[in-house]
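Me: I have a protein model to get through today. Can you walk me through it?

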Amino acid sequence: MDEKLFKTIHERARLRILTYLASKDDSAAAFNEIKDRFAFTAGNLSIQLRNLEEAGLVEVEKTFSNRRPLTNVVLTVKGKASLLDYIGEMERMFENLR
């Protein structure tokens, strides 16, 4: 796995976001759902999502519902594959400890 991508995923807040999205049937969640689930501030979540989006791990979709802005976050195919690679690498590291 690319070292830069590994570091992007490894950061605790970003790892939590990715695993949460991966656990959902449609790999998507509303911005406020993620914010509330992990007690992030809007600013902190925005920064974490920007990092994940720049790495191609998530897509941020902005729409309107009843004239209110709605932001959804979707795990990309690359994001899911990268998360699984990350988990595999972590499992191998832990296995070496045993």
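Reply: Here is a short tour of the sheet, the helices and a few single residues.

Me: What kind of model is it, and how are residues numbered?
Reply: It is a predicted model, with residues numbered from 1 along each chain as its sequence is written. Local features need pLDDT of at least 70, side-chain atom pairs count only at pLDDT 80 or more, totals for chains, interfaces and linings use all residues, and side-chain values use heavy atoms, leaving out hydrogens and water.

Me: What do labels like H2 and E1 stand for?
Reply: They are DSSP runs, numbered from the N terminus: helices are H or I with at least four residues, strands are E with at least two.

Me: OK, the sheet. What is the strand order?
Reply: The order is E1-E3-E2 in an open sheet of 3 strands, with antiparallel pairing. Two strands pair if DSSP finds at least two bridges between them.

Me: Which strands are at the edges?
Reply: Strand E1 (28–30) and strand E2 (58–65) are the edge strands, and each pairs on one side only. From one strand to the next, the twist averages 25°. Angles here run from 0 to 180 degrees between N-to-C directions, and axes are lines fitted to C-alpha atoms, for helices over the stretch in contact.

Me: How many bridges join E2 and E3?
Reply: There are 8 bridges between E2 and strand E3 (residues 68–75), in the antiparallel sense. Glutamate 59 stands opposite valine 74 in E3.

Me: Which helices pack on the sheet?
Reply: Helix H2 (residues 12–23) does, touching E1, E2 and E3 (contact means heavy atoms within 4.5 Å). The direction of H2 makes about 85° with that of E3. Helix H4 (residues 42–54) packs there too, touching E2 and E3, and the direction of H4 makes about 125° with that of E2.

Me: Stay on H2. Which residues are buried in it?
Reply: Ala13, Arg14, Ile17, Leu18, Tyr20 and Leu21 are buried. Buried means under 20% relative accessible area, exposed means over 50%, and partly exposed is in between (1.4 Å probe, protein chains only).

Me: Where do they sit around the helix?
Reply: They fall within an arc of 160° seen down the axis of H2, so they line one face of the helix. The arc is that of the directions from the helix axis to the C-beta atoms. Arg12 and Ser23 are exposed, on the face of H2 turned away from the buried side.

Me: What span should H2 have, and does the model agree?
Reply: At 1.5 Å a residue, its 12 residues should span 16 Å, and the end C-alpha atoms are 16 Å apart, which agrees. The expected span is 1.5 Å times one less than the number of residues.

Me: What caps the N-terminal end of H2?
Reply: Glutamate 11 does, with a side-chain oxygen 2.9 Å from the backbone nitrogen of alanine 13.

Me: Is leucine 15 buried or partly exposed?
Reply: Leucine 15 is partly exposed, because its relative accessible area is 22%. Leucine 15 lies in helix H2. Leaving aside neighbours within four places in sequence, leucine 15 is in contact with Ile9, Leu83 and Tyr86.

Me: Next, H3. Which residues are buried there?
Reply: In helix H3 (residues 31–38), they are Phe31, Ile34 and Phe38. They cover an arc of only 70° around the axis, which puts them on the same side of H3. On the other side, Asp36 and Arg37 are exposed.

Me: What do the buried ones pack against?
Reply: The buried residues of H3 pack against H2, E1, H4 and E3.

Me: What about alanine 39?
Reply: Alanine 39 has a positive phi of about 55°, although it is not a glycine. Alanine 39 is found in the loop between H3 and H4. Alanine 39 is exposed, with a relative accessible area of 67%.

Me: And arginine 67, where is that?
Reply: Arginine 67 lies in the loop between E2 and E3. Phi of arginine 67 is near 65°, a positive value in a residue other than glycine. Arginine 67 is exposed, with a relative accessible area of 82%.

Me: Last one: H1. Which residues are buried, and what do they pack against?
Reply: Leu5, Phe6, Thr8 and Ile9 are buried in helix H1 (residues 3–10). The buried residues of H1 pack against H2, H4 and helix H5 (77–97). Lys4 and Lys7 are exposed, on the face of H1 turned away from the buried side.

Definitions and conventions. A polar contact is a pair of N or O atoms within 3.5 Å; within protein, one must be able to donate a hydrogen and the other to accept it, and residues adjacent in sequence count only if both atoms are side-chain atoms.
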